[in-house]
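Hi,

Here is the structure I said I would pass on. Have a look at it below, and then read on for what turned up in it.

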Amino acid sequence: PHTSVRANAVTLVSKLFSWRLQVLSQTFIFDRSRRRPFRMARRPISFVASDVGTARYVPPELPEQARLQVGASLPPELRGRLLDLGWAENRNEEEQEAQRWDRAPISLLPSTDLELLGTNQSKGSTDSAGDAEGKNKGLLRRKSSGAGHISGMRKKGIFVPPLLSLVPVIANLLTDPDMNVSSIANDLIMMLMKDDPVLLVRGLMEDMSDAMQDHEQALNTLRLFAHAQERLPPGLAHHVFNHLAGLVRTTARQSGQDIAFVVARCLPILVDLVPQVCEMSYRELCRNKLDPLILPTLAPIPSGLKLTSRSSMTPGLMQAAMTRTAQNLILFNVIQQSPKDINAIRKPYNQLAQLAVELEDVQDLRPTTITDYVPKRQRVPHSAEELQFLRMTSPLARSYLLMCTEIFKSLSRHMNNHSELGKYMDGINRIVLLRGNDIGIVALALIAYMTASTRFRRMFSSESGFSLFMPVLIKVYVESEGEPAIRRAIEYSMRRFYSLHKEICAFQTLEAASHILHQSDMEEADQEWFAENVFELVSCLNRTTMATDQDLAGIHGMNQLQEQEALITMVNEKPELLLPNLTRTTTQTSVIHPDLANLAPMEAFEEGTRFALDDFVRLFLTIIPHNPLIVRAEYFLRLLRLLTPSFYNASSSARNVLREGIQAFGPAVFVRLQSRPKPEKEKETLKEKNPETTAKAASKPDP
């Protein structure tokens, strides 16, 4: 139809909805033998909706307010315990209610709440107004959906099902090319969302519960609702989420061909609704038996869907990718909304030996070994089908990286479970090994690595935490010779690692490189190529991070909050770090210790905090002579042999230290190696080769 016809039709429907509460207030003749006017039978809904969250608006707790009330100098764990004990509850209920209304999004609240807000504001203006409100105080019902609840009468809205069938048509007009039509449709949809979300969604849920109806139209309409505005009204978000969650829960228990289709279409809509449902928590999901549907490890895909090989992207494989991606993002939003539930979320993950992060069955996964991290000078190009698979499953990999980063932020800083952290790191490493040439994937992985190294500082310092991911970083860095953006991002993350862990980071990096070099079967030329790239990686610690450096990966300053909290924790554990820098002059203020000033996210390295090249040579010359008889000394000696030309040509100070060190520890090391007792097999071999020499040595008298 013409533009004016569409606009007039939407306007008439809007008027009918506006008068829905006044229809039954008209005078009509009542017939006892018949039903009430406009009372029509509705179709039943075949599933039971869940009950998660609340339909009313509850403002989220701001961390800035908690810090001001309790104190910004306390560690986050201690601050959280004080908040749980009620130390921050220094306001009465009236002040909290007033603060809730001050932070409420007025444009998303229904008209009944706005009338209640106006009544509460005029309550304290005059004494007469206060007395008038006191008389009607018992008639106020906050959860009433009628527009006349202030006067004590709850009116019933009339909007017959034939008119509700026009909702999908009006929703499609949200994307109308004519601005006037789309604006009128948007106003009508938003008015329905705020004032009567149950009426708006009732017809769609009836269609989805009917097996004979096409679910795609109803799901597309809900998807248009989710994209009508950036943030939906709390009542609509609560109602749609609980009904879709109930539909998915009921469908997953059935057996049929459309199970995977319904689950794959509903879960992405739930991803957008989870952050908008007030008082959402993982415990609420468990209480409603929804936890198996969002944990990718427990029930990633309903039964009956078998994953195919990567050679072709079938519809079933696409549905599996959509399902697992949505599960990761839902879990990410749940953790972000209720970080206190992280201990309950960790339990199902601890029961698993490995995590399936790609479209693979857990039974088909094999543990990664050090040989998987050996870089290849010439990459094998992917076929067209493999490239299509990588592109289509890229959102799945990104969702897992986001989920792991949020898990690291929520876990306690004092966690010492190395195996649990290794499970998450193994999944991240698998993704980076498969998609190391994607700068977006590498950037998200680096953010996860930086978050873990800063959050679990003690574990990384005492239990070789960098060995969990440093081999894959070395592999990606060495193979990215023609991609400077990826190299600059890895170099920035290396500087952030060193700013907190100092020589521990440098030592574990060299140890990982030595293991890769020993386990590889590369030729001599490839070994030299590997050593040159490793030297470029470790030499970045000798350079500064300038504000003018390009940040093509977008990771600069992404770990700022974690670094600040680590700084506060270090100062609380060791206050003496600040004592050497306290000045007695009145013109200057206290200066933070250089080790702590390094934690500023975007500041360059100070002069005394770089790890120079001669320090790397001293590190080699300290580890090798310490005990030349162990395997570590052999690995480091082999790596030093290949890195010596680079150290010798890069810095004069490193050249002098290298020359003096070799002259000092060289004879001592080789003497100790020669005095090492030989195994019995080597002795028997020498006797067989030189029997005469052995007999002479045996007949020679002892001195």
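**Where α23 meets α25**

Let me start with a pair of helices: the axes of α23 (residues 470-479) and α25 (residues 503-519) come within 9 Å and cross at roughly 70°. With angles of 65 to 115 degrees counted as roughly perpendicular, α23 and α25 are therefore roughly perpendicular to each other. On the α23 side, the contact is made by M470, P471 and I474, and on the α25 side by T509, A512, A513 and I516. Sorted by class, this contact of α23 with α25 has 6 nonpolar residues, 1 polar residue and no charged ones. Before you read too much into any of this, please keep in mind that this is a predicted model.

Staying with α25 for a moment, that helix also holds E511. Is E511 buried or exposed? E511 counts as buried, because its relative accessibility is 18% and the cut-off for buried is under 20%. Apart from neighbours within four places in sequence, E511 is in contact with R632 and F636.

**The whole protein**

Stepping back, the protein has 33 helices and 0 strands. Its 703 residues include 46% that are buried. If you take the contacts between residues at least 6 apart in sequence, 77% of them join residues at least 24 apart.

**K409 and the helices it touches**

K409 is a handy way into another part of the model. You will find K409 in helix α19 (residues 394-410), and with a relative accessible area of 34% it is partly exposed. Its C-alpha atom is separated by 9.9 Å from that of I342, although the two residues are 67 apart along the chain. Which residues does K409 contact, leaving aside its neighbours within four places in sequence? They are T451, R455 and Q562.

Helix α21 covers residues 439-455. Its 17 residues should span 24 Å at 1.5 Å a residue, and its end C-alpha atoms are indeed 24 Å apart. Of those 17 residues, 16 are buried, so α21 is largely enclosed by the rest of the structure. At the N-terminal end of α21, D438 acts as a cap, with a side-chain oxygen 3.1 Å from the backbone nitrogen of G440.

As for Q562, it is one of the buried residues in α27, along with E563, E565, A566, L567, T569 and M570. Helix α27 (residues 560-573) has 14 residues, which should span 20 Å at 1.5 Å a residue, and the 20 Å between its end C-alpha atoms agrees with that.

**α24 and some positive phi values**

Helix α24 (residues 484-501) has 18 residues and reaches 26 Å from its first C-alpha to its last, close to the 26 Å expected at 1.5 Å a residue. It is mostly covered, with 16 of its 18 residues buried. Right after α24 comes K502, and its phi is positive, near 55°.

Why look at the sign of phi at all? Most residues other than glycine have a negative phi. Two more places are worth a look on that score:

- S464 is a residue other than glycine with a positive phi, near 55°. It sits in the loop between α22 (457-462) and α23, and it is partly exposed, with a relative accessible area of 32%.
- K289 is not a glycine either, yet its phi is positive, at about 60°. Its place is in the loop between α14 (282-287) and α15 (291-294), and at 57% relative accessibility K289 counts as exposed.

**N242 in α12**

One last residue to find in your viewer is N242, in helix α12 (residues 234-252). N242 is buried, with a relative accessible area of 2%. What lies 2.6 Å from a polar atom of its side chain? That is the backbone oxygen of H238. Not counting residues up to four places away in sequence, N242 also touches A49, S50, D51 and V52.

That is everything I wanted to hand over. Shout if you get stuck finding any of it.

Cheers

Definitions and conventions: Residues numbered from 1 in each chain as written. Predicted model: local features only at pLDDT ≥ 70, side-chain atom pairs only at ≥ 80, totals over all residues. Heavy atoms only, no water. Axes fitted to C-alpha atoms, helices over the stretch in contact; angles between N-to-C directions. Helix = DSSP H or I, 4+ residues; strand = E, 2+ residues; numbered from the N terminus. Parallel < 35°, antiparallel > 145°, perpendicular 65-115°, else oblique. Contact = heavy atoms within 4.5 Å. Nonpolar A, V, L, I, M, F, W, Y, C, P; charged D, E, K, R; others polar. Buried < 20%, exposed > 50% of the residue type's maximum accessible area, 1.4 Å probe, protein only. Expected span 1.5 Å × (residues − 1). Polar contact = N/O pair within 3.5 Å; in protein donor to acceptor, adjacent residues only side chain to side chain.
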